[in-house]
Amino acid sequence: MRYNLSDLKTVRAILEKHGFSFSKSLGQNFLINPNVCPAMAEEAVASGEDGVLEVGPGIGVLTAELCARAKKVVAVELDRRLLPVLSETLGDFDNVEIVSGDVLKLDLHALLREKFADCRKVTVCANLPYYITSPVIMKLLEEKLPVESIVVMVQKEAADRLCAEVGSREAGAVTVAVQYYAAARALFKVGRGSFVPSPKVDSAVIRLDIRKNAAFAPADETFFFRMVRAAFAQRRKTALNGISAGLALPKETVAAALQSAGLPADVRAEKLTMEQLCRLSDMLLESDEE
């Protein structure tokens, strides 16, 4: 029996049956808009030979749509109370596996090798709890997993920041990091009334297509991201002051690097493009090695 997990009465009955109550600390807002999950699944799954890694399946509303399209779905769920719920709601599917654990602590390379060996390609699809949006996305990107794309629902404000153009007012350190590893674009907005319980903010679905080769390659990737975090740490400061404070470098050193990179001494980090940030990182690294 396939449940209508967009029907509020059905959802409440299933949760009541299993004695489940929502956890504010886990950011649990379950999606009940019947149009959202099919649209997300269509974006994530291109072929019946694809595998999908889902993070935080909740009661399985998105999972079911993914199972209907993909060869295999592996869903990682932190809340063990949801395991019997998912066992019931996804009982009709034989191509799904629930992994109980914290996605931030799992060895995802090993998980993908073990679970998706017979799939043509792997994508990630998730309705992410707001409080772990950036950590999860950055783990997926920084570990350079063999996945082609990431389709996620996040808070609307986070979506705007993640998909902003590097060098624009909306950009931050996380924007630079995301755009370094992937091409990001917003797909559609999801109103707060699409969830139970209803959050206080709207959401949006975004897509990250993983870059096979970085558009810009700094000489030292680790140093580059350290510099970016320092530059954006205090948005009211100039890049010179932020980098100097964050990396414990003399202002004269940072000023010289800015000049060598062809950048004004009073430029703010949000005004710098990816190319300019990479050039500045390389200039700083050269001065640090001298």
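**Exercise 1. Describe the overall fold content and extent of the protein chain.**

Start with secondary structure. This predicted model has 12 helices and nine strands in its protein chain. Next, take the extent. The C-alpha trace spans about 70 × 40 × 30 Å along its principal axes. Finish with burial. The chain has 290 residues, and 51% of them are buried.

**Exercise 2. Place Ser168, decide whether Ser168 is buried or exposed, and find a polar partner for its side chain.**

Step 1: location. Ser168 sits in a loop. That loop runs between α7 (156-162) and α8 (173-181).

Step 2: burial. The cut-off for buried is under 20% relative accessible area. Ser168 has 16% relative accessibility, so Ser168 counts as buried.

Step 3: contact. A polar atom of the Ser168 side chain lies 2.6 Å from the backbone oxygen of Glu165.

**Exercise 3. Characterise the second largest pocket by volume, lining and residue class.**

Step 1: volume. The second largest pocket has a volume of about 290 Å³.

Step 2: lining. The lining of this pocket counts 15 residues. Nearest its centre lie Lys144, Tyr181, Ile210, Arg211 and Lys212.

Step 3: elements. α6 (133-142) and α8 are the elements that give two or more residues to the lining.

Step 4: class. The lining of the second largest pocket holds nine nonpolar residues, five charged residues and one polar residue.

**Exercise 4. Analyse the salt bridge between Asp79 and Arg81.**

Step 1: context. The structure's salt bridges come to a count of 20.

Step 2: distance. The cut-off for a salt bridge is within 4 Å. The side chains of Asp79 and Arg81 meet at 2.8 Å, N to O.

Step 3: environment. Asp79 has 6% relative accessibility, so Asp79 counts as buried. Arg81 has a relative accessible area of 35%, so Arg81 is partly exposed.

**Exercise 5. Asp202 forms salt bridges with Lys189 and with Arg192. Trace both pairs and say which parts of the chain they link.**

Step 1: the Lys189 pair. The side chains of Asp202 and Lys189 meet in a salt bridge at 3.5 Å, N to O. This pair links distant parts of the chain, 13 residues apart. Lys189 belongs to strand β7 (residues 182-190). Asp202 lies in the loop between β8 (195-196) and β9 (203-210).

Step 2: the Arg192 pair. Here the closest N and O atoms of Arg192 and Asp202 are 3.1 Å apart. Arg192 lies in the loop between β7 and β8, and Asp202 in the loop between β8 and β9, so this salt bridge ties together parts that are 10 residues apart in sequence.

Step 3: accessibility. Asp202 counts as buried, at 18% relative accessibility. Lys189 is exposed, with a relative accessible area of 54%. Arg192 is partly exposed, at 36%.

**Exercise 6. Which residues are linked to Arg2 in a network of salt bridges?**

Look beyond single pairs. Arg2 is linked with Glu42, Glu65 and Arg69 in one such network.

**Exercise 7. Classify the ring pairs of Tyr180, then identify the aromatic cluster that contains Tyr180.**

Step 1: search. The whole structure has five aromatic pairs.

Step 2: Tyr180 with Tyr181. Their ring centres are 5.1 Å apart. Planes over 60 degrees apart count as edge-to-face. The planes of Tyr180 and Tyr181 stand at 90 degrees, so the pair is edge-to-face.

Step 3: Tyr180 with Phe225. The ring centres are 5.1 Å apart and the planes are at 80 degrees, so this pair is also edge-to-face. The Tyr180–Phe225 pair links distant parts of the chain. Tyr180 is in helix α8, whereas Phe225 is in helix α9 (residues 221-232), 45 residues apart.

Step 4: burial. Tyr180 is buried, with a relative accessible area of 7%. Tyr181 is buried at 10%. Phe225 counts as buried at 10% relative accessibility.

Step 5: cluster. Tyr180, Tyr181, Phe224 and Phe225 form one aromatic cluster. Now return to the pocket. Tyr181 from this cluster is among the residues nearest the centre of the second largest pocket.

Note on methods
Residues are numbered from 1 along each chain as its sequence is written. Side-chain values use heavy atoms; hydrogens and water are left out. Helices (H or I, at least four residues) and strands (E, at least two) are DSSP runs, numbered from the N terminus. Buried means under 20% relative accessible area, exposed over 50%, partly exposed in between (1.4 Å probe, protein chains only). A polar contact is a pair of N or O atoms within 3.5 Å; within protein, one must be able to donate a hydrogen and the other to accept it, and residues adjacent in sequence count only if both atoms are side-chain atoms. On a 1 Å grid over the protein atoms alone, a cavity is a set of points where a 1.4 Å probe fits but cannot get out, and a pocket is an open set with protein on both sides within 12 Å along at least five of seven lines; lining residues have an atom within 4 Å of a point. Grid points are joined across faces, edges and corners, and a volume is the space filled by probe spheres set on the points. Ala, Val, Leu, Ile, Met, Phe, Trp, Tyr, Cys and Pro count as nonpolar, Asp, Glu, Lys and Arg as charged, and the others, Gly among them, as polar. Rings of Phe, Tyr and Trp (its six-membered ring) pair if their centres lie within 6.5 Å; planes under 30 degrees apart count as stacked, over 60 as edge-to-face and the rest as tilted.
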